[in-house]
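Q: Please take a close look at a single helix in this protein, and explain how that one part sits within the whole.

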Amino acid sequence: MAGHSKWANIRHRKERQDNKKGKIWSKCSKAIMAAARAGGPDPDTNLGLRYAIDEAKYANMPKDTIKRAIEKGAGAGAGEDWSEVVYEGYAPGGTAIIVDALTDNKNRTVSEVRNIFNKGGGNLGNSGSVAFLFETKGRILVPADKITEDELMEKALEAGADDQVEVRGDDARKLMNLIEALEDNDDVQKVHTNASIPDEELSNLG
């Protein structure tokens, strides 16, 4: 999604507490199991599973844990049956947000996501309300120690990456809090935004 890569850079700058790792791994496991259940255990023939495994590796999930998630998802019979859902909404600063979720209870998840938007100064929109602002594109994972953020952004823009809505001050703080609250929800897999928060604003938000 256009907009997501910049937010990923912002997010990874902030220090995360150790207990966040368990939540991230739990989400990765859920994505792997859902993908394996839907398309089989072979990532060579199941693109969704390959992406889910890549995300898990990026989150430093142990290989054994990834393997167990694949086996559990591909196993016949009982287990959670997850559905992929996408929510669209408006956030502070005139920005847009798309939320990808995996849920076994759509009513619960939409209620929780709507509540997070409301508390965060935004509001949940209808399907299609902000999707036109985003475009699904290829994904490239770059080791953080191989290139600086400025160099990466320069190369991305030269290659045709989209510019974004710049958010400052109180709107920047509200936006970051809203995205963090969404990411903390157990059913939410990814949060995409068309927002950009300048470096000096990030320093002020500290």
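A: Helix α7, which covers residues 169-184, has 16 residues that at 1.5 Å a residue should span 22 Å, and because its end C-alpha atoms are 23 Å apart, the two values agree; the expected span is 1.5 Å times one less than the number of residues. Helices here are DSSP runs of H or I with at least four residues, and strands are runs of E with at least two, numbered from the N terminus. The model is predicted, so local features need pLDDT of at least 70 and side-chain atom pairs count only at pLDDT 80 or more, while totals for chains, interfaces and linings use all residues. Residues are numbered from 1 along each chain as its sequence is written, and side-chain values use heavy atoms, with hydrogens and water left out.

The buried residues of α7 (under 20% relative accessible area, 1.4 Å probe, protein chains only) are Ala172, Leu175, Met176, Leu178, Ile179, Leu182 and Glu183. They cover an arc of only 160° around the axis, which puts them on the same side of α7, the arc being that of the directions from the helix axis to the C-beta atoms.

Leu175 and Leu182 also appear, with Ile97 and Phe117, among the residues with the most contacts inside the largest nonpolar core, which has 21 residues; such a core is a set of buried Ala, Val, Leu, Ile, Met, Phe, Trp, Tyr and Cys residues joined through side-chain atoms within 4.5 Å. β1 (83-91), β2 (95-103), α5 (106-119), α7 and β5 (188-193) each supply at least two residues of this core, and α7 gives the most, with 6 residues. Apart from this core lies another, of 18 residues, including Ala34 and Ile53.

Terms used:
Buried means under 20% relative accessible area, exposed over 50%, partly exposed in between (1.4 Å probe, protein chains only).
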